[in-house]
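Open the model in your viewer and keep the selection panel at hand. The tour goes stop by stop.

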Amino acid sequence: RSPVSSPQALEDQYSPSRWSPRLDRDTIIDAHFAVTAAGTERARASAHTLLHVPYGDGDGEKLDIYFPTDPSDTFPVLVYIHGGYWQCLSKDDSGFAAPPLVSQGVAVVAVGYDTAPKGKCCSAEAAAACVAQHPPALPFVLCSGHMDAMVLQVRRSLAFLAERYPRSRGIYLCGHSAGAHLAAMVLSTDWTEFQVVPDIKGAVLVSGIYDLEPILHTYVNDALNMSWEVAQRNSPMRHVTPAVSAACEVLVAVAQHDSPEFHRQSQEYSQALRAAGWSVSLLDLAGVDHFDVIEKLSEDSYVLTQVGRRAVPRQ
C-alpha cells in the first residue's frame with residue numbers, strides 16, 4: 001500500500017512530468033511523443049519491416065516487426081510494449097529502439113493494443129461478469145480500452161508470436177511505464193488456457209507501476225474507469241507466481257528522476273519476484289527521467305541498450 005495519503009500528493013507522485021529537471025511539465029510529454037515518433041520513422045526507413053500484422057480481430061490488435069539486418073533462419077525476439085498511462089501512444093511510436101538491436105541479429109516487435117478512454121463505455125460490473133463467463137484465451141466482447149482487455153490483448157500477442165515463430169531463440173519483453181505493467185502481467189500468465197507457452201527468457205521493466213490501487217485515486221483513473229476489483233485483478237504485485245524457471249531473468253529499472261512512488265513500486269515488485277524465486281535485478285538509472293529513460297534506447301552507448309544487448313543472446 002502506498003504511504004502517500006493526501007489526494008494532491010498522490011496526484012503529484014503519479015504525474016511523471018512533474019519530476020523531470022530537464023523540461024517543464026507542459027512540454028516534456030509533447031517532446032516525448034515527438035522523440036519516439038521521429039525515432040520510429042527512422043527505424044522504419046532503415047530496417048526490413050512487416051507492419052500492421054494482425055494478431056486478433058480488434059482494431060488495435062496489430063504488431064510491427066523489425067527484422068534483423070542479417071537474415072537468419074532463427075533469431076531472438078524482443079517484444080516492446082509502449083507506455084502512455086494506458087491512454088495514449090501506440091505501436092506506431094514504438095520502433096525507436098529497434099536499430100541497435102536489429103543490427104545485432106535481434107528481431108524487435110512493437111505491440112499495439114487498444115488504449116483508453118474507450119474503456120469508459122464498459123462498466124466495472126459488466127467487465128467483471130464478462131471475464132467470469134469466458135476463458136481468457138477465447139475472444140469475447142469487452143470494450144476496447146478496458147484494463148482487462150489491454151492485459152488480454154498483450155497476452156494474446158505473445159501467444160500469436162509463439163505460434164508464428166516457433167523456432168525463435170526465445171522471447172524477451174521490454175515495457176515502459178504502463179507497458180512495464182502490461183509486461184509484468186504477462187509474467188503472471190497461466191498459458192494453459194492459450195494452448196501455447198511462449199518461451200519468455202527475459203524481461204526489462206522500465207519505470208513501471210505494479211500495484212494499480214494508488215492510481216484509483218488520481219486523474220489517471222478518469223479515463224481508465226477502474227474499480228477496486230479491476231485494479232486488484234490487474235496488479236502484478238498481487239499475482240506474483242512462483243518462478244517456473246531460473247532461465248527467465250527480470251530487470252526492473254527505474255529512472256533517477258522518477259517520483260518516490262515509482263521507486264517504491266519498482267523496489268517492492270523486484271523484492272516480491274525475488275521472494276518467489278525469480279532471477280531479478282533492480283537498476284536505478286542515473287541522470288534520466290521518466291521519459292528519456294526509454295528514449296535513449298535508440299542510442300548504442302546508453303547503459304540500458306547495452307544491458308539489453310547482453311541479455312538477449314544472438315547465438
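Select strands β6 (residues 200-206) and β7 (residues 249-255) in this predicted model. The two run parallel and are joined by five bridges. For one of the pairings, pick Gly-202: its bridge partner in β7 is Glu-249.

Keep β7 on screen and add helix α9, residues 260-275. Helix α9 lies across β6, β7 and β8. Its direction makes an angle of about 165 degrees with β7.

**The whole sheet**

Now show every strand. Eight strands form an open sheet, in the order β1-β2-β4-β3-β5-β6-β7-β8. The pairing is mixed. Which strands stand at the edges? They are β1 and β8 (279-285). Each has a single partner strand, so one side of each lacks a neighbour in the sheet. Look along the sheet for its twist, which averages 20 degrees from one strand to the next.

**The β1 end**

Select β1 (residues 49-54) and β2 (residues 62-66). They run antiparallel, with four bridges between them. Pro-54 has Lys-62 in β2 as its bridge partner. On the other side, add β4 (residues 107-111). Strands β2 and β4 are also antiparallel, again joined by four bridges. Here Ile-65 stands opposite Val-109 in β4. Is β2 mostly covered or mostly open? Mostly covered: four of its five residues are buried.

**The nonpolar cores**

Next, colour the buried nonpolar residues. In soluble globular proteins, nonpolar side chains tend to be buried together. The largest nonpolar core in this model has 64 residues. Val-79, Trp-86, Leu-173 and Leu-205 have the most contacts inside it. Helix α5 (residues 147-164) gives the largest share, 10 residues. Apart from this core lies another, of 28 residues. Among its members are Phe-96, Val-106, Val-108 and Ile-294.

Centre on Val-79. What does Val-79 touch, once neighbours within four places in sequence are set aside? Its contacts are Val-109, Val-111, Leu-158, Leu-161, Ile-171, Tyr-172, Leu-173 and Cys-174.

**Two cysteines**

Stay with Cys-174. Its relative accessible area is 5%, under the 20% cut-off, so Cys-174 counts as buried. Then jump to Cys-248. With a relative accessible area of 8%, Cys-248 is buried as well. How many disulfides are there in the model? The count is zero, with a cut-off of 2.5 Å between cysteine sulfur atoms.

**A proline in a loop**

Select Pro-166, in the loop between α5 and β5 (171-176). Buried or exposed? Pro-166 counts as exposed because its relative accessibility is 64%, over the 50% cut-off. Add Pro-198 and draw a distance between the C-alpha atoms. The two prolines are 8.7 Å apart in space, with their positions 32 residues apart in sequence.

**Zoom out**

Finish with the whole protein. Its 315 residues are 56% buried. There are 11 helices and eight strands. Take the contacts with a separation of 6 or more: 75% of them join residues 24 or more positions apart. Switch on the surface last. The accessible area is about 13200 Å², and 53% of this belongs to carbon and sulfur atoms.

How values were computed:
Residues numbered from 1 in each chain as written. Predicted model: local features only at pLDDT ≥ 70, side-chain atom pairs only at ≥ 80, totals over all residues. Heavy atoms only, no water. Core = buried A, V, L, I, M, F, W, Y, C linked by side-chain atoms within 4.5 Å. Buried < 20%, exposed > 50% of the residue type's maximum accessible area, 1.4 Å probe, protein only. Contact = heavy atoms within 4.5 Å. Areas by Shrake-Rupley, 256 points an atom, 1.4 Å probe, with all protein chains shown as cover. Pairing = 2+ DSSP bridges. Axes fitted to C-alpha atoms, helices over the stretch in contact; angles between N-to-C directions.
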